[in-house]
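Student: Got a minute to walk through this one with me? I'd like to begin with the charged pairs.
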Amino acid sequence: MPDGGSQGGFLIMLVGRSTKFSPIWWNSKKIRRVVRSTLAAETLAMAEGIDTSLFVCTLLSELLYSTSDPPCTPVTCFTDCKSLWEAVRSHKSVSEKRLRLDMSGIKELLNAGQIKTVEWVKTEQQLADCLTKQGASAGFLRRALQTGILC
């Protein structure tokens, strides 16, 4: 962003076995703190998306099963930031000290099974790309929303 800040965004969808989906929550806003790297911006955006996803899972469990305990829909995260994908899979700590807490939180949720997996996708396949990048094409997201099918 022109003022030195970073934009973060996420899209939360319910996806059926047939890959049909419904978007249920999306967000795009300035990240809550100034960061020094793309990795930091992407990590903070993912952490907020995960937090919201887990809230939605709890809400669905309470509505459908009258309990806040699982069964919960498995949460799969997608990122087009290869360094984030690699950092989540690595046993090494990230170099940025402030980022270690957020990264550790994501890894802890993965190890606890609250997040099924973090997957890497090409930027052209990242549905939420247009929520964060000026000039990014919304065509991929628009087609997915029109068909209701996740590629």
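Student: Which residue does K133 form a salt bridge with, and how far apart are the closest N and O atoms?
Tutor: This is a predicted model, so read every value as computed from it. K133 pairs with D80, and the closest N and O atoms are 3.6 Å apart. The pair links distant parts of the chain, 53 residues apart. K133 sits in the loop between β4 (117-120) and α4 (139-147). D80 sits in the loop between β3 (76-79) and α2.

Student: Is D80 buried or exposed?
Tutor: D80 is buried, because its relative accessible area is 13% and the cut-off for buried is under 20%. K133 has 36% relative accessibility, so K133 counts as partly exposed.

Student: What about K133 and D129, how do their side chains meet?
Tutor: In a salt bridge, 2.4 Å from N to O. D129 is buried, with 9% relative accessibility.

Student: Which residues do salt bridges with shared partners join into one network?
Tutor: R32, R33 and D102.

Student: How many salt bridges are found in the whole structure?
Tutor: The search finds 6. One of them joins R36 to E96, with the closest N and O atoms 4.0 Å apart. That pair also links distant parts of the chain, 60 residues apart. R36 is in the loop between β2 and α1, and E96 is in the loop between α2 and α3.

Student: And R36, buried or exposed?
Tutor: Exposed, because R36 has 70% relative accessibility and the exposed class starts over 50%. E96 is buried, with a relative accessible area of 12%.

Student: Switching to helices. How many residues does α1 have, and what does it reach end to end?
Tutor: Helix α1 covers residues 38-65, which is 28 residues. From its first C-alpha to its last it reaches 39 Å. That is close to the 40 Å expected at 1.5 Å a residue.

Student: What follows α1?
Tutor: S66. Its phi is positive, near 55°.

Student: Now the inside. Which residues of the largest nonpolar core touch the most other members?
Tutor: M46, I50, C77, L84 and M103, out of 23 residues in that core. Helices α1, α2 (82-89) and α3 (97-111) each supply at least two of its residues. The largest share, 8 residues, comes from α1.

Student: Any general background for a core like that?
Tutor: In soluble globular proteins, nonpolar side chains tend to be buried together.

Student: Take M103. Leaving aside neighbours within four places in sequence, what is M103 in contact with?
Tutor: With L39, T43, L84, A87, V88 and V94.

Student: What lies apart from the largest core?
Tutor: Another core, of 5 residues. L127, L141, A144 and L150 are among them.

Student: Back to α1. S53 is in that helix, so is S53 buried or exposed?
Tutor: S53 is buried, with a relative accessible area of 12%. Leaving aside neighbours within four places in sequence, S53 is in contact with I12 and V75.

Student: And G49, what is G49 in contact with?
Tutor: F10 and I12, again leaving aside neighbours within four places in sequence. G49 is found in α1. At 9% relative accessibility, G49 counts as buried.

Student: How far apart are G49 and L110 in space?
Tutor: 14 Å, C-alpha to C-alpha. In sequence, G49 and L110 are 61 residues apart.

Student: Last topic, the surface. Which residues form the nonpolar patch?
Tutor: L14, I24, W25, F55, L59, L63, L64 and Y65. Together they have about 780 Å² of accessible area. The elements giving two or more residues to the patch are β2 (21-30) and α1. The largest share, 5 residues, comes from α1.

Student: F55 lies in α1 too. How is F55 classed by accessibility, and why?
Tutor: F55 counts as partly exposed, because its relative accessibility is 46%. To recap α1, the helix gives 8 residues to the largest core and 5 to the nonpolar patch.

Key: Residues numbered from 1 in each chain as written. Predicted model: local features only at pLDDT ≥ 70, side-chain atom pairs only at ≥ 80, totals over all residues. Heavy atoms only, no water. Helix = DSSP H or I, 4+ residues; strand = E, 2+ residues; numbered from the N terminus. Expected span 1.5 Å × (residues − 1). Core = buried A, V, L, I, M, F, W, Y, C linked by side-chain atoms within 4.5 Å. Buried < 20%, exposed > 50% of the residue type's maximum accessible area, 1.4 Å probe, protein only. Contact = heavy atoms within 4.5 Å. Patch = residues over 30% accessible without salt bridge, like charges linked within 9 Å, V, L, I, M, F, W, Y side chains within 5 Å. Areas by Shrake-Rupley, 256 points an atom, 1.4 Å probe, with all protein chains shown as cover.
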